[in-house]
Number of protein chains: 2
Amino acid sequence: MPPSEKTRLPGQDALRDSVLGGDLVFLLARANALMLAAANAALAEHGLKARSYSVLALAADGARPTQRELAEFLRLDPSQIVALVDGLEKRQLIERRTDPADRRANVLVATDAGRALFARAQESARAVELGLLATVTPEEHERLADLLRLLAFPDWAVSDSRTGQRSRGTARSARHLG
Amino acid sequence: MPPSEKTRLPGQDALRDSVLGGDLVFLLARANALMLAAANAALAEHGLKARSYSVLALAADGARPTQRELAEFLRLDPSQIVALVDGLEKRQLIERRTDPADRRANVLVATDAGRALFARAQESARAVELGLLATVTPEEHERLADLLRLLAFPDWAVSDSRTGQRSRGTARSARHLG
DNA sequence: ACAAATAATTGACTTTTTCAACGGTACGTG
DNA sequence: CACGTACCGTTGAAAAAGTCAATTATTTGT
């Protein structure tokens, strides 16, 4: 028999069946803690964490985001973005360019080295994600992503409110992680 | 192609459609940040946060968990449980009782006042959860909870590996949040 | 031209996280 | 039984993360 049985505590099942077992805030927090730890462990080999990986991803994506847009998107204080960008810029993975349209703002772009590192890191990230979702069918995987997008971007669904319909679902999501 | 709205920042849509838009770790982190903030705001009226609410919930549930079980379940360091329990015990909401079966361990039980407060706080928590999931059908809500449980408790589904079947799904989840 | 608002940055401060120790207790082996 | 090992709760210290107000440079509206 596997040694994992020994580590299982008798109270764990009872706790999982408690009121918190149906609490979405708790489930979200615990799932996030586990995935974040796994992601950080996998990204460490590239000298990144989930935070810096996210910044690098958005810089490498060509979206040319300003630091403030990053702050709002990642739900971080602008001052934390400064430190994050400082670190990546010191490693020459991204650059600050003053936005010609608004010279107060910095637009972030990845260097060649940054894009190269991101490509490698993304492989690790994807592997981790697929590993943790190994027990889930691809359809369920997509469904989970769709539902999480609804929670993560609450005011997105009403953006094209002219029709009153939400355009979420398979059509939008089939693009990713195919 | 949905026409982007004037009120929204130009970069936001681009960021949401970037690589991170399909990254489950990011979606989980952002959804968690939003729900946690909403939950904390709602629980503040009862002098609780999500953390203390969780501890109180498990103590009030009759599962009589030890602090170590709590630590593992909530994915916190045991030392953080000490502070959490200290706070709730000082307010006479829970009690530490040395486990008669193992005098090293403390078993946590809620007082009458603790159960009463939890009942009220649970109403707030449920209201918040339903509010944030207002754009989601009850079936989708349950489906999300089921999928999150898979992520939050990775080794649960494999526990009865003899059959190779998972027993997750509607039968199990219909009990909660009816 | 001028006042108000905004982007990035800095610094101070609080909270959270992480880790290593310690005393008290349980448990297996000899 | 005695003993070493492993464990539970607790403490404290250090690192990381989060919060917030103030500052400078720039934009925007009047």
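The following exchange concerns a predicted model of protein chains with DNA strand D.

Biologist: Before we begin, which conventions apply to this model?
Modeller: Residues are numbered from 1 along each chain as its sequence is written, while chains are lettered from A and ligands numbered from 1 in the order in which they are written. Side-chain values use heavy atoms, with hydrogens and water left out, and in this predicted model local features need pLDDT of at least 70, side-chain atom pairs count only at pLDDT 80 or more, and totals for chains, interfaces and linings use all residues.

Biologist: How many residues surround DNA strand D?
Modeller: A residue is near a strand if one of its heavy atoms lies within 4 Å of it. The closest ones to DNA strand D are A:Arg51, A:Gln80, B:Arg68, B:Arg96 and B:Arg104, and the residues of this surface divide into 3 nonpolar, 6 polar and 9 charged, where Ala, Val, Leu, Ile, Met, Phe, Trp, Tyr, Cys and Pro count as nonpolar, Asp, Glu, Lys and Arg as charged, and the others, Gly among them, as polar. The number surrounding DNA strand D is 18.

Biologist: Which helix supplies the largest share of the surface near DNA strand D?
Modeller: Helices are DSSP runs of H or I with at least four residues, numbered from the N terminus. Helix 6 (78–90) of chain A, helix 4 (67–74) of chain B and helix 5 (78–90) of chain B each supply at least two residues of that surface. The largest share, 3 residues, comes from helix 5 of chain B.

Biologist: Which residue places a polar side-chain atom 2.6 Å from a base oxygen of DNA strand D?
Modeller: A phosphate oxygen of the strand lies 3.0 Å from a polar backbone atom of A:Arg103, and a phosphate oxygen is also 2.5 Å from an N or O atom in the side chain of B:Arg96. The contact to a base oxygen, at 2.6 Å, comes from a polar side-chain atom of B:Arg104.

Biologist: What is the N to O distance in the salt bridge between B:Arg96 and B:Glu89?
Modeller: A salt bridge is a side-chain nitrogen of Lys or Arg within 4 Å of a carboxyl oxygen of Asp or Glu. B:Arg96 is partly exposed at 23% relative accessible area, as is B:Glu89 at 29%, where partly exposed lies between buried (under 20%) and exposed (over 50%), computed with a 1.4 Å probe on protein chains only. Their side chains meet at 3.0 Å.

Biologist: Which residue forms a salt bridge with B:Glu140?
Modeller: B:Glu140 is buried, with a relative accessible area of 8%, and its partner counts as partly exposed at 34%. B:Glu140 lies in helix 7 (residues 138–152) of chain B and the partner in helix 8 (residues 138–152) of chain A, so the pair joins two chains. With the closest N and O atoms 4.0 Å apart, the partner is A:Arg143.

Biologist: About how many helical turns separate B:Asp146 and B:Arg149?
Modeller: The side chains of B:Asp146 and B:Arg149 meet in a salt bridge at 2.9 Å, N to O, and B:Asp146 counts as buried at 8% relative accessibility, with B:Arg149 buried at 4%. An α-helix has 3.6 residues a turn, so residues three or four places apart point the same way. Being 3 residues apart in helix 7 of chain B, the two are separated by about one turn.

Biologist: Why is helix 3 of chain B described as largely enclosed by the rest of the structure?
Modeller: Among its buried residues are B:Tyr53, B:Val55 and B:Leu58. Helix 3 (residues 50–60) is largely enclosed because its buried residues number 10 of the 11.

Technical notes: A polar contact is a pair of N or O atoms within 3.5 Å; within protein, one must be able to donate a hydrogen and the other to accept it, and residues adjacent in sequence count only if both atoms are side-chain atoms.
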